[in-house]
Amino acid sequence: MTTLGRNTARRKPPHVLANAPFRKLWTAMSVCSLGDWLNLLALTALAGNLTAGEGYKFQSLAIGGVFVAKMLPAIVLGPLAGVFADRFDRRLTMFFCDLLRFALVLSIPLIGSYQWVIIATFLVECVNLFWVPAKDATVPNLVPKERLEEANQLNLLVTYGTAPIAALLFAVLSVADDALANLVPFLAGRDTYLALFINALAYLVSAVIIFSLKDIPKNHRDAAASTPSVLRQIVEGWRFVGGNRLIRGLIIGMLGAFAAGGAVVGVAKIYVDALGGGDAAYGVVFGAVFVGMASGMFFGIKLLKELSRRRLFGLSIIVAGLVLVAIALVHNLVIVVLLTVLLGACAGIAWIIGYTMIGLEVDDSLRGRTFSFLQSLARVTLLLVVAVAPTLAGLFGRRVIMVGREAVYQFDGSNLVLVIGGLLASIVGIVALLQMDDRKGVPIVSDLISAVRGERFAPEETEQARGMFIAFEGGEGSGKTTQSRLLAIWLRDQGFDVVQTREPGSTKVGMRLRAILLDAVHQGLSARSEALLYAADRAEHVEKVIRPALYRGSMVISDRYVDSSLAYQGAGRALDRADVVRINTWATGGLVPDLTVLIDTPPSIGLARLGGAADRIEAEPLEFHERVRREFRSLAAAEPDRYAVIDGTLPQDQISLLIHDRVRELLPDPVPQESEDVTGTMPAIRD
Ligand code: TYD
């Protein structure tokens, strides 16, 4: 077995890109993605330039028009195009789509009117709708199932990773254009044309690659039959997302992050113009978002690796929103670019955490749909925001605010949109944080400070217990059950909120474990499994009963706790003490009682007190119980400050008073002495 395992481990499977057909498709995809991003940049810039003479409002609306033209086809034709992709030869579909896109994009600079920009944009998006599902459906045909995830990661990488490259390229092209204009007079002042030519060329290159890809199968009727309708997918996705708190928080947050990014992209052009930057500056701002995203995904996550992922997710969205507000209010291009990198980093952190958590926490059978649901919602959100943002900015127009007598503060529609976007993102971040916070009660600031220092929070620190935890221990028939009940009554009389509990069996699962543990039928239960079952009961007990009560500030009195396992399983069953300590520390998360009351009774007396049939443990021989008693006593002797050892042969009332005296020392507000009660006349606690 071992040899086999080693051999398999050594034979590392080849990288998914070693698969030639997939590599070709991936290359075509990368080229197209680069083209798509260039297209977005060039068209928004072009729309702005073509309408430059018409005033701020018209210009904003014109840019918004480009986004509307990009968004409409997906909403109207989306479901139809998906069905088409399953019916026709996918290779030819993609090939002809590429040729069409090439021709359409090329026609934009050649015709050069705003109307045609909009019409051509609309048509290119329509063609895209057929190309993308054909490509998506092809990937599983080329890549084996187990490599699919890797292939999808690579797809995601080029879809978003080409954006900063496109932004850089666009900035360079804008600068190069001036030099080129000397050679080709047609290009003078038309820097966006150059970008569009390259964009068109990218589609042509893709067409050639796809045409040479003969491995794409022609018939896929099965795929068509098994693809559920888009509507049905959406309904199912909603149902799942709506029913799960964590996923709901994740999706709300991720869409919020996307919307914030969309707001930047939507008004970046006009905002940068207002700041006195040209197309090159626009390219830089656009690129800054993606440079930031990449650094957030790789470095931001590493830097804060000790912080709870769920918290980091919500926090990064809140910060992204605040940064966006700052971007809107600071009128300095350099600072805006720097802040944009920070904004991108926050969005990148949120995006990668969201993706990873969905991957980890959503059941395999639902994961695909959750992702596709998120993708389509993200797309609609992004497009909606980038369409609405410039429109809103245009309607608001340009305003000037007088600060004092002379100073003037420019507050345009684009500023307003960014402020609104930022505030919305922060609100969404707060909602996401509240939905999925896994460290309620721990102040976020201290969590953050220790994360920045690279420290992990100790479990004791996390619960911030305010109540008090008292455990009762002792052998069979020692009277600890009665005493713990009496102490609970006494403390309640003092006005404390008391939770009285016991082990084993104080939770639903615990009750079933108790039945197994104490049933005489299970006589042959192995010592190790006995120890593990008690520890399992305790883990459940601590998490469901003890910690929540302590957190509420209650007094918790437990009849038996970890020491019972040390005494019965450790000493009684002769298991290694260190092992028993270890599993119990793990099970309880290190929770130790503030006080342990040991009612020490010789087993001969205790066992004689018991009535009825003996359970599995009571039925053990006397030596077993002697060992148990010795262990309890030595545990107490080792930590006299944390133990009260009480002679179990004393009268009940006297035992109670001794316990009260000891507990009184621990109470926050000193409770009056009961010296007059030494004779034991305490009606409330008499049995
Ligand atoms: P229970 O009926 O609660 O008896 P008692 O009044 O003596 O507490 O039974 C608990 C039994 O489980 C008891 O015999 C001791 C045993 N036990 C262990 O062996 N290990 C443990 O960790 C715990 C909590 C109990």
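Which of the 15 residues around the ligand come nearest? In this predicted model, they are Arg514, Arg538, Arg560, Ser565 and Gln569. The ligand and the residues around it are described below, followed by the annotated segment and two backbone details.

The ligand sits in the second largest pocket. Four helices each supply at least two residues of the shell around it. These helices are α18 (480-493), α19 (508-518), α20 (527-552) and α21 (562-572). Among them, α21 gives the most to the shell, with 4 residues. By residue class, the shell divides into 5 nonpolar, 4 polar and 6 charged residues.

Oxygen atoms of the ligand have polar side-chain partners in the protein. In Lys480, an N or O atom of the side chain is 2.8 Å from a ligand oxygen. For Arg514, a polar side-chain atom lies 2.8 Å from an oxygen atom of the ligand. For Arg560, the corresponding distance from a polar side-chain atom to a ligand oxygen is 2.6 Å. Taken alone, the ligand exposes 540 Å². The protein buries 90% of that area.

Arg560 also has a backbone detail to note. Its place is in the loop between β5 (555-559) and α21. Its phi is positive, at about 80 degrees, although Arg560 is not a glycine. Thus one residue joins two descriptions: Arg560 is among the residues that come nearest to the ligand, and its phi angle is positive.

Which residues does the UniProt annotation "binding site" cover? The record, an unreviewed entry, lists Gly474, Gly475, Glu476, Gly477, Ser478, Gly479, Lys480 and Thr481. From this set, the lining of the second largest pocket takes in Gly475, Glu476, Gly477, Ser478, Gly479, Lys480 and Thr481. The ligand sits in that pocket. Within the annotated segment, Ser478 lies in the loop between β3 (468-474) and α18. Lys480, also covered by the annotation, has the side-chain N or O atom placed 2.8 Å from a ligand oxygen.

A further backbone detail concerns a proline. The peptide bond from Glu503 to Pro504 is cis. Its omega is near -10 degrees. Pro504 is found in the loop between β4 (498-502) and α19. Helix α19 is one of the helices that supply at least two residues of the shell around the ligand.

Methods: Residues are numbered from 1 along each chain as its sequence is written. This is a predicted model: local features need pLDDT of at least 70, side-chain atom pairs count only at pLDDT 80 or more; totals for chains, interfaces and linings use all residues. Side-chain values use heavy atoms; hydrogens and water are left out. A residue is near a molecule or strand if one of its heavy atoms lies within 4 Å of it. A polar contact is a pair of N or O atoms within 3.5 Å; within protein, one must be able to donate a hydrogen and the other to accept it, and residues adjacent in sequence count only if both atoms are side-chain atoms. Accessible areas come from the Shrake-Rupley method with a 1.4 Å probe; for residues, only the protein chains shown count as cover. On a 1 Å grid over the protein atoms alone, a cavity is a set of points where a 1.4 Å probe fits but cannot get out, and a pocket is an open set with protein on both sides within 12 Å along at least five of seven lines; lining residues have an atom within 4 Å of a point. A molecule sits in a cavity or pocket if more than half of its atoms lie within 2 Å of its grid points. Ala, Val, Leu, Ile, Met, Phe, Trp, Tyr, Cys and Pro count as nonpolar, Asp, Glu, Lys and Arg as charged, and the others, Gly among them, as polar. UniProt positions are given in the numbering used here, feature names are shortened, and annotations may be inferred rather than shown by experiment.
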